[in-house]
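Visitor: I have a structure open and no idea where to begin. Could you walk me through it?
Guide: Go ahead and put it up, and ask as you go.

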Amino acid sequence: MLQVDRLRHRGDASPNPDQPIGRVVSVRGSQATVGLLRSPLDSSNEARSTVGKFLGIRAGQSLLVGVITNVSIETPPLAKELGCHSTADLDLMGEIKQSATAAVQFQRGVTEYPAIGDPVFAVSAGELRLVFNVASGSVIEIGHLQQDSTIGAYVDVDDMLSKHFAVLGTTGVGKSSAVVLMLHEILRARPELRIFVLDAHNEYGRLFGDKALVLNPRNLRLPFWLFSFEEMVDVLFGARPGTEDEVHILAEAIPRAKATYTTYRGPTERAAVKRNDQRSIGYSVDTPVPYRLADLVGLLDERMGKLENRSSRMIYHRLITRIESVCNDPRYAFMFENANVGGDTMAEVLGQLFRLPPNGKPITVMQLAGFPSEVVDAVVSVICRMAFDLGLWSEGAAPLLLVCEEAHRYTAADRSVGFGPTRRSISRIAKEGRKHGVFLGLVSQRPAELDATIISQCSTLFAMRMTNDRDQAILRSAVSDGAASLLDFLPSLGTGEVFAFGEGGALPTRVKLKQLPAQLLPMSDVESSARGDLGAGIDEEFIGAVLKRWRGASTSQHNTLDEGTREARTNDPPARLSAPPLQPAHPADPARGGLLKRPLGDRLNIAKAFQAPPQAKRWHDN
Ligand SMILES: Nc1ncnc2c1ncn2[C@@H]1O[C@H](COP(=O)(O)OP(=O)(O)OP(=O)(O)O)[C@@H](O)[C@H]1O
Ligand SMILES: [Mg+2]
């Protein structure tokens, strides 16, 4: 008996595993049609040859393993003469054969093609186990085969991470649950890995216990000087038209503010720096070195004072007002707190964001839902850019997995959608991150809206239920031909079921993911409190609290910076408060806000200079 055959008998409950259940009747490339000898009306479980099940074809010394993609009672007359009652189309995926080292192994791809008349067998549990038990050391178990719940579904962590992965599927099919499950398993298999989750809906905050640092606008400190020029322009101007002159002035002023900050020792030196021309400043507009907003606005103010032309002065004035209004907005406190204190906190910021050292919390969950919507793109861009640069400059010493929920928002296929720098940062990680220990995990419910070049860099795809044709077409182009016919199953997958394609998984097959306990299910804070309150009813206090959050996230009119942050902090749940501030706790800066909320006299002077009405013109009145 061949060793391959001996395997047939291991763990097999079927009455006679040596008995062929069919014969090959036609072969086309990696597809074969087999005539099934058993009656399709036989209802015993072993005889149920239907789509998604595996069959084995004995071809020479190997057993070719294929998945049924189509069954039909239509049988060619010649096959009928051989005793066949129905036919099944198979996609051949790989073969079990005896290797040179005498061990029986499964390998992907087909080297020995079947011939007409070759016997076909039901694949035994022992054979399935051989196919799906990935041999390498670092595997994670994500669930079990839908076909046989005794056989675990494994993914190779190194393959999955190093060449990026994506979890795709319609809303509510269990993508986020799959991510939670995988992250828990990945942490077990690769404890040295650090994970950064861009949590678009604030669902992950409570799922990793004390292993995660949860960041939100209340405890994040991401100093404005870490933003690149494009990111800063996005924060200040958004997509407002007609701001080119202001952007140009800002581009000149920022390097000067940086130089002023680093060389500022006294009035004489400061004057010397200001006289310097652009080339001798030594900083580009993007160099990540600190500067003070006071210096930036001071420079703009000084330049404005020297101008004769009224309309030019107006441009400077508008820019200063714009900077002031953003800085005074409590929603932007995470960027502009201590804006006039200075201090190079970059090491602290990076260390904390990317868990260096992890201090028992290798995961960062960045809750994006509380950030002003107009600034989320820029924040994501800063994070992705710094994650890549940190990997680059540290030569991949501290590997990082960046998980991006709702990835289609940041890397849209339509180039006019989304923020260019965010797309560039993510696609840079997708293309080169592997070499620098920065890995990407994308999650999206709209694969068709994702940039195809970024999907094509993800070599492990977890496809969940998906009904939209365009979404399926994107996947079809991303997976190999052999696996493409499996995509026909996608609309019929259940919640928590997944097809894993690509490097990380063994063969693409229908996997039932592990069931997550209720406390590990991703759920937004609002959703979980709503569920908790079921039966308790929604009272006025609840609505009041909702309104407070709503207004807090969308208005800046009634709060000063200090009131806003103080109030937010006292409302913080204790777990969130555990995050230490990113910037050292400076004593309250008497100058902070002093510059931005300048003395009334100053404002009146500006107003006089323009001979405009006493009320300063705001950018949003334009
Ligand atoms: N592995 C699982 N274990 C237990 N329940 C699950 C699992 N996967 C999905 N579910 C159920 O399905 C629901 C939706 O799952 P989930 O929030 O992960 O979907 P999603 O695809 O991320 O949705 P969305 O697109 O809206 O973000 C969960 O609340 C849970 O009830
Ligand atoms: Mg989700």
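Visitor: Is proline 217 buried or exposed, and why?
Guide: Buried: proline 217 has 25 C-beta neighbours inside 10 Å, and 20 or more is enough to count as buried. Keep in mind that this is a predicted model.

Visitor: Where does proline 217 lie?
Guide: In a loop, the one between β12 (212-215) and α6 (229-237).

Visitor: Which residues does proline 217 touch, leaving aside those up to four places away in sequence?
Guide: Arg331, Phe334, Gly370 and Phe371. There is also a distance to look at: from proline 217 to alanine 369 is 9.2 Å, C-alpha to C-alpha, while the two are 152 residues apart in sequence.

Visitor: What share of contacts in the protein chain join residues at least 24 apart?
Guide: 74%, counting contacts between residues at least 6 apart in sequence.

Visitor: OK, the overall picture. How many helices and strands are there?
Guide: The protein chain has 23 helices and 18 strands. It has 622 residues, and 44% of them are buried.

Visitor: Which residues touch the most other members of the largest nonpolar core?
Guide: Leu300, Ala387, Leu402, Val403 and Ala463, in a core of 162 residues. Helix α13 (residues 373-393) gives this core its largest share, 11 residues.

Visitor: And what does leucine 300 touch?
Guide: Not counting residues up to four places away in sequence, leucine 300 touches Ile249, Ala253, Tyr316, Leu319 and Ile320.

Visitor: Switching to the ligand. How many residues surround ligand 1?
Guide: 17, and the closest are Thr171, Gly174, Lys175, Ser176 and Ser177.

Visitor: Which helix supplies the largest share of that shell?
Guide: Helix α5 (residues 175-189), with 4 residues.

Visitor: How does the shell divide into nonpolar, polar and charged?
Guide: Around ligand 1 there are 10 polar residues, 6 nonpolar and 1 charged.

Visitor: Now strands. Why is β5 described as largely enclosed?
Guide: Because 11 of the 13 residues of strand β5 (residues 86-98) are buried, the rest of the structure largely encloses this strand.

Visitor: Which strands does β5 pair with?
Guide: Its partners include β2 (residues 31-36), antiparallel over 6 bridges. Strand β4 (residues 62-72) also pairs with β5 in the antiparallel sense, over 9 bridges. Strand β6 (residues 104-108) runs antiparallel to β5 too, joined to it by 5 bridges.

Visitor: Which residues could I click on to see those pairings?
Guide: For β2, take leucine 36, whose bridge partner in β5 is serine 86. For β4, leucine 63 stands opposite isoleucine 96 of β5. For β6, glutamine 107 is the bridge partner of glutamate 95.

Visitor: Back to helices. Which residues of α17 are buried?
Guide: In α17 (residues 469-478), Asp471, Gln472, Ile474, Leu475 and Ala478 are buried. Looking down the axis of α17, these buried residues fall within an arc of 155 degrees, so they line one face of the helix.

Visitor: Why would residues that are not next to each other in sequence point the same way?
Guide: An α-helix has 3.6 residues a turn, so residues three or four places apart point the same way.

Visitor: What is exposed on the other side of α17?
Guide: Asp469, Arg470 and Ser477.

Visitor: And what covers the buried residues of α17?
Guide: The cover includes β10 (165-168), α16 (452-456) and β16 (460-463).

Visitor: What about the backbone, anything to look at there?
Guide: Start with the peptide bond from leucine 356 to proline 357, which is cis, with omega near -5 degrees. Proline 357 is in the loop between α12 (346-353) and β13 (363-367).

Visitor: Which residues have a positive phi without being glycine?
Guide: Among them is histidine 164, with phi near 65 degrees. Histidine 164 is in the loop between α4 (157-162) and β10, and it counts as buried, with 28 C-beta neighbours inside 10 Å. Asparagine 202 is another, with a positive phi of about 50 degrees. Asparagine 202 sits in the loop between β11 (194-199) and β12.

Visitor: Is asparagine 202 buried or exposed?
Guide: Buried, with 22 other C-beta atoms within 10 Å.

Notes:
Residues are numbered from 1 along each chain as its sequence is written. Chains are lettered from A and ligands numbered from 1 in the order in which they are written. This is a predicted model: local features need pLDDT of at least 70, side-chain atom pairs count only at pLDDT 80 or more; totals for chains, interfaces and linings use all residues. A residue is near a molecule or strand if its C-beta atom, placed from the backbone, lies within 6 Å of it. Helices (H or I, at least four residues) and strands (E, at least two) are DSSP runs, numbered from the N terminus. Ala, Val, Leu, Ile, Met, Phe, Trp, Tyr, Cys and Pro count as nonpolar, Asp, Glu, Lys and Arg as charged, and the others, Gly among them, as polar. A residue is buried if 20 or more other C-beta atoms lie within 10 Å of its own, exposed if 12 or fewer, and partly exposed in between; C-beta atoms are placed from the backbone. The arc is that of the directions from the helix axis to the C-beta atoms. Two residues are in contact if their C-beta atoms, placed from the backbone, lie within 7 Å. A nonpolar core is a set of buried Ala, Val, Leu, Ile, Met, Phe, Trp, Tyr and Cys residues joined through C-beta atoms within 7 Å. Two strands pair if DSSP finds at least two bridges between them.
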